[in-house]
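Biologist: I'd like to learn how to read a protein model properly. Could you walk me through this one, feature by feature?

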Amino acid sequence: MPHIPPEGIVRQDMESYGLSRMDQPDRPDQPDRPDRPDQPGRPDQLDRRIPLRVLLVEQTTSDGSLLHRLLTRTGAPEFDLVHVQQLEEALCCLRYQPVDVILLDLLLPDGEGLDLVREVYQQAPDIPIVVLSHQEDESLATQAIQVGAQDYLVQEHLNNDSLVHVLLCSVERHRMQRQLQRYSREVQVGESRFRNLITRNADGIVVVDAEGVVRFVNPAAEALFGHTAEALQGELFGFPVLLGESTEIDIVRRSGEPDAPVIAELRVVETEWEGKCAYLISLRDITARKRTEETLRETEQFVLAILNSIDAHIAVIDERGIIVAANDFWIQFAQEHGDPAIEHTGVGVNLFEVCQRAFQESSRILDGMTSVLQGKTEAFELNYPFYEPDKEERWFRIQVYPMVRSVPRRIVVVHSEVTEARKLVKAEAELEANAARIRGQEREIRGLLQLSSASLGGEVTASMFGTMPLQKSAPHVFEELLQHYERIMEQAVEQRAYKVDYSLSEDLRVIAERLGFLKASPRDVVEIHSQVLQTKSKRSNPLKAQAYTEEGRLMVLELMGYLASYYRSQSLGMTRTLLHKWQNERPSVEQEK
C-alpha cells in the first residue's frame with residue numbers, strides 16, 4: 001500500500017494541480033467507507049449504498065464534458081466524481097485519493113494513446129481502467145485491453161445507461177479478475193470456493209487443461225454454447241487459447257437454437273485446476289453490441305449515400321469541431337482547391353482550428369458554426385467571395401444547421417457555389433433596368449409622334465400657306481433628310497463612345513438651312529427625329545438605344561435652334577427690303593401731291 005502523507009500535505013499538493021472534488025447532488029448521510037484488502041475505502045462486495053468513486057481523466061472542461069453530465073445525473077447508483085484534465089494530475093490524484101474506477105481519455109495535453117494506459121496501469125494496477133476514445137477502432141481497443149485496460153468505450157455511442165453499466169461491470173469484473181488471480185496463487189483457497197465463484201459469474205467461464213481439453217463449464221458458458229456441461233467436458237475447446245490477449249470468436253450453436261451464431265469476447269488467464277496447470281477462459285456475449293455497431297455502420301453508410309446524392313459540399317461536425325463525415329462532393333472540392341491529400345478538410349480534421357488560421361471570412365464562419373452548435377441560433381448562412389490568380393471571382397454560400405436529436409450535439413455544414421446564381425440575379429436586375437429604359441424611350445417616341453402628327457389646321461389651309469407636312473409635299477426630299485439625320489446621329493454616338501471629333505453642328509446647320517428653304521415647320525423636324533430614333537432603337541441593344549435617345553435629345557434641340565435662327569434671319573432680311581422699298585417710294589408720292 002502506498003504511503004499516504006498527512007492531510008495538509010495532500011491538500012496542498014492537490015491544490016497545486018487545481019484538483020478538487022466535483023459538486024454532487026445533496027444525498028443523505030452516507031455510511032463510513034470500510035477498507036478492503038486490495039483497495040482502501042471499499043469492501044470486497046460492491047456496496048451500492050456507497051457512491052462509486054470515479055476518476056475522469058479528460059481534457060474537456062466539466063461544463064462541456066458529456067461524461068460529466070452523464071455521471072452527475074440523479075439516480076442510483078450514484079458516483080463520486082473527480083475530474084482532471086492532464087496525466088500528471090491523474091497520477092497525483094491516484095497517489096493521494098482512493099479511486100474505484102478510472103475513465104481515461106486517450107488524447108490528453110501531456111500524453112496520448114496506449115502510453116497513457118501503460119503509465120496509469122503502472123501507477124494503479126489494482127484499479128480498473130476504462131479507456132475513452134473519440135473514434136471506433138477495434139485494433140486500438142484490443143491493444144488497450146492488452147496493456148491493462150478493462151474496457152473500451154466510444155464517446156459518441158454513450159448514453160447514461162450504457163455508461164453506468166460499463167462502469168459497474170468493469171469494477172465487478174476487475175474485482176473478480178483480481179480475486180481469481182489471487183485465488184489461483186493461494187493454494188490455501190479451496191477449489192469449492194473457486195468453483196462457486198466462477199459458477200455464479202455472469203460471464204461464461206471455461207477451464208481447459210494444458211492440452212486444451214475442457215475440464216469445467218459454468219451455466220453461463222452452457223447457455224453460450226447451447227450444450228450441457230456434460231456434453232462439453234472432455235472435448236477439445238476448439239478455439240485458440242492466447243494468454244494476455246482479448247479475441248472475438250463466433251460460436252455456432254446446434255441446429256434450432258435462436259440467434260446463432262453468437263459472438264463472444266474471449267480472455268485467458270493462467271490458473272490451477274485439480275492441482276495441475278490450466279487456463280481459465282472468460283467468455284462475454286457481445287452479440288448485441290456487435291449488431292448495434294453493424295446497424296450504426298449501415299445507418300452511417302445509408303446517410304452517406306444520401307449525402308453523396310446531393311449536389312453540394314456537405315460535412316458533419318461534432319461539438320469539438322471534428323469532421324466526422326463528408327460526402328464525395330466535399331472531398332472532391334477539397335482535392336481540387338489546395339488539399340489533394342485531404343489533410344486539412346477531411347474526416348478527422350478539426351475544422352474549427354482550420355477556420356482560425358484560414359481566409360478573411362473564416363472567423364465569421366467559425367462564429368456561426370459555434371453559435372448553431374451551442375443552440376444560440378437555429379441556422380447560419382453566409383455568402384463569401386473566392387479569388388484565384390488569373391481567374392474570375394467566384395462566390396460560395398455556407399449554410400449551417402443543427403442535427404436533430406443528436407447526442408452529442410452535431411452540425412451539418414452545406415457548402416455550395418453560387419457564382420452562376422449571382423450572375424443570374426445581376427442579369428435579371430440589368431434586364432429590368434433595360435426594360436425600364438426601353439419603356440421610357442417608347443414613351444418619348446410616342447410623345448414625339450403625337451407632336452409630329454398634331455394638326456396645325458386643315459390640309460387645304462396648310463397647303464395654301466405652305467404648311468403642308470414635308471413628308472407629303474416632298475417625300476423624296478424628306479427621305480434624303482432622314483438619311484442625313486441618321487448619319488449625324490450615328491456619328492454623335494461614335495463621338496461619345498470613341499472620343500472622336502465630327503463636325504456635327506455644321507451638318508445640323510446644313511439640314512436646318514435646307515428645311516428653312518423648304519419652309520419646313522417644327523413638326524417636320526420632330527417627324528424626322530422620331531422616325532430616325534425609332535428605327536435606330538429597334539436595330540440596337542438596350543444600351544446603344546439609350547445612347548441614341550440621349551444624343552438625339554441634344555441634336556433635335558440644336559436643329560430646332562438652327563431652324564429658328566434661319567427663319568429669324570429671313571424675317572429680318574424681308575423687313576429691311578420692305579423698309580428700303582417704302583423709303584424709296586415715299587418721295588415720289590409726296591411729289592405727286
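Modeller: Let's go from the overall make-up to a sheet, a helix and some charged pairs. Keep in mind that this is a predicted model.

Biologist: Fine. How many helices and strands does the protein have?

Modeller: There are 20 helices and 17 strands. Of the 593 residues, 42% count as buried. The exposed surface comes to about 34000 Å², with carbon and sulfur atoms supplying 52% of it. Among contacts with a separation of 6 or more, 57% are between residues 24 or more positions apart.

Biologist: Now the sheet. In what order do the strands of the open sheet come?

Modeller: The general idea is that strands of a sheet pair through backbone hydrogen bonds, either parallel or antiparallel. Here, five strands line up as S9-S8-S12-S11-S10, with antiparallel pairing. At the edges sit S9 (214-217) and S10 (246-251), each pairing on one side only. From one strand to the next, the twist averages 30°.

Biologist: And how many bridges join S11 to S12?

Modeller: Ten bridges join S11, residues 262-273, to S12, residues 276-285, and the two run antiparallel. To get your bearings there, find Arg 267, which stands opposite Ser 282 in S12.

Biologist: On to a helix. Which residues of H5 are buried?

Modeller: First the principle: an α-helix has 3.6 residues a turn, so residues three or four places apart point the same way. In H5 (residues 138-146), the buried ones are Leu 140, Ala 141, Ala 144 and Ile 145. Those residues cover an arc of only 135° around the axis, so they lie on the same side of H5.

Biologist: What do the buried residues of H5 pack against?

Modeller: Their partners are helix H4 (114-123), strands S6 (129-133) and S7 (151-154), plus S10 and S11. So you meet two strands of our sheet again, S10 and S11. Just after H5, look at Gly 148, which takes a positive phi of about 135°.

Biologist: Let's do charges. How many salt bridges does the structure hold?

Modeller: Side chains of opposite charge can pair when their charged atoms come close. This structure holds 22 salt bridges. One of them joins Asp 203 to Arg 284, with the closest N and O atoms 3.7 Å apart. Asp 203 lies in the loop between H7 (191-199) and S8 (204-209), while Arg 284 is in S12, so the pair ties together parts that are 81 residues apart in sequence.

Biologist: Are Asp 203 and Arg 284 buried or exposed?

Modeller: Both Asp 203 and Arg 284 are buried. Now try Glu 392 and Lys 423, whose side chains meet in a salt bridge at 3.2 Å, N to O. Glu 392 is in the loop between S15 (380-386) and S16 (394-402), and Lys 423 is in H14 (residues 419-453), 31 residues apart. Glu 392 is exposed, at 51% relative accessible area, and Lys 423 is partly exposed, at 36%.

Biologist: Which residues are joined into one network by salt bridges that share partners?

Modeller: Start with one pair: Arg 539 and Glu 486 form a salt bridge, 3.6 Å from N to O. Arg 539 lies in H19 (residues 522-539) and Glu 486 in H17 (residues 475-498), so this pair ties together parts 53 residues apart in sequence. Arg 539 is exposed, with a relative accessible area of 64%, whereas Glu 486 is partly exposed, with 24%. The network joins Glu 486, Glu 490, Lys 536, Arg 539 and Lys 544.

Terms used
Residues are numbered from 1 along each chain as its sequence is written. This is a predicted model: local features need pLDDT of at least 70, side-chain atom pairs count only at pLDDT 80 or more; totals for chains, interfaces and linings use all residues. Side-chain values use heavy atoms; hydrogens and water are left out. Two strands pair if DSSP finds at least two bridges between them. Helices (H or I, at least four residues) and strands (E, at least two) are DSSP runs, numbered from the N terminus. Axes are lines fitted to C-alpha atoms, for helices over the stretch in contact, and angles run from 0 to 180 degrees between N-to-C directions. A salt bridge is a side-chain nitrogen of Lys or Arg within 4 Å of a carboxyl oxygen of Asp or Glu. Buried means under 20% relative accessible area, exposed over 50%, partly exposed in between (1.4 Å probe, protein chains only). Contact means heavy atoms within 4.5 Å. Accessible areas come from the Shrake-Rupley method with a 1.4 Å probe; for residues, only the protein chains shown count as cover. The arc is that of the directions from the helix axis to the C-beta atoms.
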